[in-house]
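User: I'm new to reading protein structures and would like a close look at how the pieces pack together. Could you walk me through it slowly?

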Amino acid sequence: MLKYNTPRRKRLGPRAPLGGVLEGRKTQYTRIWYSFGVDGKIMVIGGTGLVGNALLRTWTASRAEVAAATYHCHPSGGFLQLDMQDEAQVRALLEAHHPAVVAVPAANPFVDYCELHPAETRRVNVDGTLNVARACKDLGARMVFYSSDYVFDGLKGTYTEEDAPCPINEYGRQKAEAERGVLACDPRNLVLRTSGAYGWQWEPKNFVLQVRKNLSEGKPMRVAALRYNPTYVENLAEITAALVAAGAGGIFHTVGAEEVARDEFARRVARAFGLDASLIQTVPAAEFKSPTPRPKQSSLITEKVRRLLPGCPPIGVAAGLERMLAMEREWAVYARTLPDPAAKVSPK
Ligand SMILES: NC(=O)c1ccc[n+]([C@@H]2O[C@H](COP(=O)([O-])OP(=O)(O)OC[C@H]3O[C@@H](n4cnc5c(N)ncnc54)[C@H](OP(=O)(O)O)[C@@H]3O)[C@@H](O)[C@H]2O)c1
């Protein structure tokens, strides 16, 4: 059951569907249905994001009680506004809802922006995250924090959870610091490192949707051959829910099962969507003139999560794209219930 804060609901107008729209639409293709039993309520901080929205739909569909979902500047019906940089706001929200689990896919994940604005983004990615971690500790809630393959330098490749973080950019440094703080607060917390998440998305920013848009319009795309593990976001959400249900704590690599070069992945996306793969041009990473050094090969080993969750393993590119395509119509129906992502509000 979803709970709403009454004054906020009045301001947002009539109650809009919150992730629960897909509930009961069980099909053999689109959703793997597990029972993600959780004792107590779940809060998703950043329910408007790619990962946060998939989490919300996954938990709601499995009939877990999502106590609240938050937004920062993209309002949505039933979501509560939260700026996690404000510790008092974080505490007030958690105290009002008493969740047993708080998932935090909220962040500023724009790698170049982090590089150019380290102090501003650190306030969200490190200080904001740790505001939640401290409040969770005081209230006895477990926290799920999303980190990144960018905590590694990409020189060795194929990293395990045992490898020491060695970030080469500001985003990676912020993630590594937040990881340490989250686990120091409570070793029961989960740190999930992910990479290249893709899937249907309210604000269509992810790489697969960009490839689909450009190629559908006949536009060529220049893509570097950096190697990583693209991660189908619905699979990431299922693995998160299964780890939480299993009572797991510590660091897990939760990425797609397959390591692939980004240009090759783009061609596979093109073929899956019936688009012209020859529009993808491979270019050296240096041609992008990004301010941010990026790991050349930041693929992550997922053995640990496979051992713990043999029934809910990370999936590869073919299975991810197949599931995404099969979900297209279902997503289109759901997306009609969402507000315009361009309608931002000032968080202040
Ligand atoms: N996507 C990937 O490929 C990828 C790869 C590696 C790691 N990760 C990590 O996985 C997590 C989820 O990524 P994502 O792609 O789902 O990100 P996203 O789509 O950009 O969503 C970010 C969420 O954070 C919220 N948010 C931003 N600033 C906030 C603040 N000050 N207080 C509260 N909420 C705030 C946003 O709210 P509004 O929309 O309302 O502003 C949004 O809901 C992030 O930690 C990211 O660093 C992602």
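Is the crossing of α7 and α9 left-handed or right-handed? And once that's settled, please carry on to the sheet, the other helices and the ligand.

Analyst: Happy to. Keep in mind that this is a predicted model. Your crossing is right-handed: that is how α7 and α9 pass each other.

Let's stay with that pair for a moment. When two helices pack, people describe them by the angle between their axes and the distance between the axes. Helix α7 covers residues 207–216 and helix α9 covers residues 262–272; their axes come within 10 Å and cross at roughly 60°. That angle makes α7 oblique to α9. If you want to find the contact on screen, pick out V208, V211, R212 and L215 in α7, then look across to A266, V269 and A270 in α9. Sorted by class, the residues of this contact come out as six nonpolar, no polar and one charged.

Now for the sheet. It's an open one, built from seven strands in the order β3-β2-β1-β4-β5-β6-β11, and the pairing is parallel. The edges belong to β3 (80–81) and β11 (250–253); each has a single partner strand, so one side of each is left without a neighbour in the sheet. Zoom in on the β11 edge and you'll see strand β6 (residues 190–194) running parallel to β11, joined to it by four bridges. One spot to look for there is V191, which stands opposite I251 in β11.

Helices pack on this sheet too. Helix α3 (residues 87–97) touches β1 (42–44), β2 (66–71), β3 and β4 (101–104), and its direction makes about 160° with that of β2. Then there's α5, which touches β4 and β5 as it packs on the sheet, with its direction at about 155° to that of β5.

Those two helices also meet each other. α3 and α5 pack at an angle of about 35°, and their axes are 9 Å apart. Their crossing is right-handed. On the α3 side the contact uses E87, V90, R91, L94 and E95, while α5 brings N131, V132, A135 and L139. Here the classes read five nonpolar, one polar and three charged.

There's one more helix pair to visit. α2 packs with helix α8 (residues 233–245) at an angle of about 60°, with the axes 9 Å apart. So α2 is oblique to α8. Their crossing is right-handed. From α2, the contact takes in L50, V51, A54, L55, T58 and W59; from α8, it takes in V233, E234, L236, A237, E238, T240 and A241. By class, that's nine nonpolar, two polar and two charged residues.

Hang on to α2, though, as it takes us to the ligand. The largest share of the shell around the ligand, three residues, comes from α2. In fact α2 (50–61), α5 (118–139) and β5 (142–148) each supply at least two residues of that shell. So you've now met α5 in three places: on the sheet, against α3 and in the shell around the ligand. There are 28 residues around the ligand, and G46, G49, H72, A106 and A107 come nearest. As for what kinds of residue make up the shell, they divide into 14 nonpolar, 13 polar and one charged.

Conventions. Residues numbered from 1 in each chain as written. Predicted model: local features only at pLDDT ≥ 70, side-chain atom pairs only at ≥ 80, totals over all residues. Near = placed C-beta within 6 Å. Nonpolar A, V, L, I, M, F, W, Y, C, P; charged D, E, K, R; others polar. Axes fitted to C-alpha atoms, helices over the stretch in contact; angles between N-to-C directions. Parallel < 35°, antiparallel > 145°, perpendicular 65-115°, else oblique. Left-handed = near helix turned anticlockwise from the far one by under 90°. Contact = placed C-beta atoms within 7 Å. Pairing = 2+ DSSP bridges.
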